[in-house]
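Trainee: I have a model open and want to learn how to read it. Where do we begin?

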Amino acid sequence: MSLTSPRPRFWVLVADFLDEAAIETEILGDLADLTLAQAFDETALSPYLEPQGAGSDAQGPDAVLLFHDLKRLSAASFKRMPRCKVVVRAGVGFDNVDLDAANQAGIPVCNVPDYGTEEVADHALMLLLAVARRLIDCDRPLRQGRWNASFVHGAPRLRGKTLGLVGCGRIGTAMVLRAKPLGLRVMVHDPKAVRGLDKALGVERVETLAELAAQADFLSLHCPLDSSTYHLINHAIFSVMKPGAILINTARGPVVDETALLEALERGPLAGAGLDVLESEPPAAERLTALLNHPRVIVTPHVAFYSVEGYCELRHKAAHEVRRALLGQPLWNVVNAPQPRSGGELGWERP
């Protein structure tokens, strides 16, 4: 007769986005039952924060896997999840999670910070090249039967130009490694980056955003969205930028004041913009029309993160973080509380 109790079945709530869970079931199926809520807001999520199935005497899920369709996970939800061991944001940004509410509830929030590093940097560089080399200006008239090399007139040479990076974490660093072989002078502004990172990467560091904006021919955003970066790129920053500068945003839409952006495109100094993210997604029809119809703007629908391989990597890493939480193992990527250096990070061996 066994002297050990059988391992309990956990309940994992996938809050949004997924309509199938083959990868997650492969990783978690021996431990947990999964429910796909496919919610876009907390009202739709609310019915799922109730006792479910076996062991439903206690309220709420044991873990929540969250993507980006659900715009906010707030205190109202955290209060209804007393059993929850972790919320894993399947993505880099976690601005759709109320971290203060999670702290008060004692629930760690984790993200997956490294899955799409290469893809986002590739996409940012693609947008920069497409805007600078007048890709859309050349493509659209040609489809209308207009063959005219003058459509590319005004395109700058990249070599020797200055690329300013707002943020130099994983993606910003990947952007540095892509930009330098093109002959771009790279400058970075990141108040959170460790001292000496600029020396390790062979770039120039500036202490203020205004100083960076004033020198950059191309300004590319790679910072998170929080209270300190909301509308970080605004009328004041546009006013000090070089005439003919180009803005690239693959970070978060609200980092840029879109009203100021449209004005800077119309009245200067911007020569163009490449955007993968917008202030509101999907945007209101009139705002989307204004951006899509602007001849010097390229917009993609928040897809910079995606590749076949990256999407699978994201789901695997998010599910394994949930698994670690259910098994009581150290978590790797907690964003709302200090975590000891353990669980996947190797320390130095000492003699």
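Trainee: Which residues does Val203 touch, not counting residues up to four places away in sequence?

Mentor: Remember that this is a predicted model. Val203 touches Val176, Val186, Val188 and Asp198.

Trainee: Where does Val203 lie?

Mentor: Look in the loop between helix 8 (197-201) and strand 8 (204-205).

Trainee: Is Val203 buried or exposed?

Mentor: Buried means under 20% relative accessible area. Val203 has 10%, so Val203 counts as buried.

Trainee: Now the sheet. How do strands pair?

Mentor: Strands of a sheet pair through backbone hydrogen bonds, either parallel or antiparallel. Here 5 strands form an open sheet, with parallel pairing. Read the order as 2-1-3-4-5.

Trainee: Which strands stand at the edges?

Mentor: Strand 2 (32-36) and strand 5 (109-111) do. Each has a single partner strand, so one side of each is left without a neighbour in the sheet. From one strand to the next, the twist averages 20°.

Trainee: How many bridges join strand 3 and strand 4?

Mentor: Strand 3 (residues 63-66) pairs with strand 4 (residues 86-89) over 4 bridges, in the parallel sense. Leu66 stands opposite Arg89 in strand 4.

Trainee: What does helix 13 touch on the sheet?

Mentor: Helix 13 (residues 308-326) touches strand 1 (10-14), strand 2, strand 3, strand 4 and strand 5. The direction of helix 13 makes about 170° with that of strand 4.

Trainee: What does UniProt list for residues 59-336?

Mentor: An unreviewed UniProt entry lists "domain: D-isomer specific 2-hydroxyacid dehydrogenase catalytic" there. In this model, the span 59-336 is 36% helix and 15% strand.

Key:
Residues are numbered from 1 along each chain as its sequence is written. This is a predicted model: local features need pLDDT of at least 70, side-chain atom pairs count only at pLDDT 80 or more; totals for chains, interfaces and linings use all residues. Side-chain values use heavy atoms; hydrogens and water are left out. UniProt positions are given in the numbering used here, feature names are shortened, and annotations may be inferred rather than shown by experiment. Helices (H or I, at least four residues) and strands (E, at least two) are DSSP runs, numbered from the N terminus. Buried means under 20% relative accessible area, exposed over 50%, partly exposed in between (1.4 Å probe, protein chains only). Contact means heavy atoms within 4.5 Å. Two strands pair if DSSP finds at least two bridges between them. Axes are lines fitted to C-alpha atoms, for helices over the stretch in contact, and angles run from 0 to 180 degrees between N-to-C directions.
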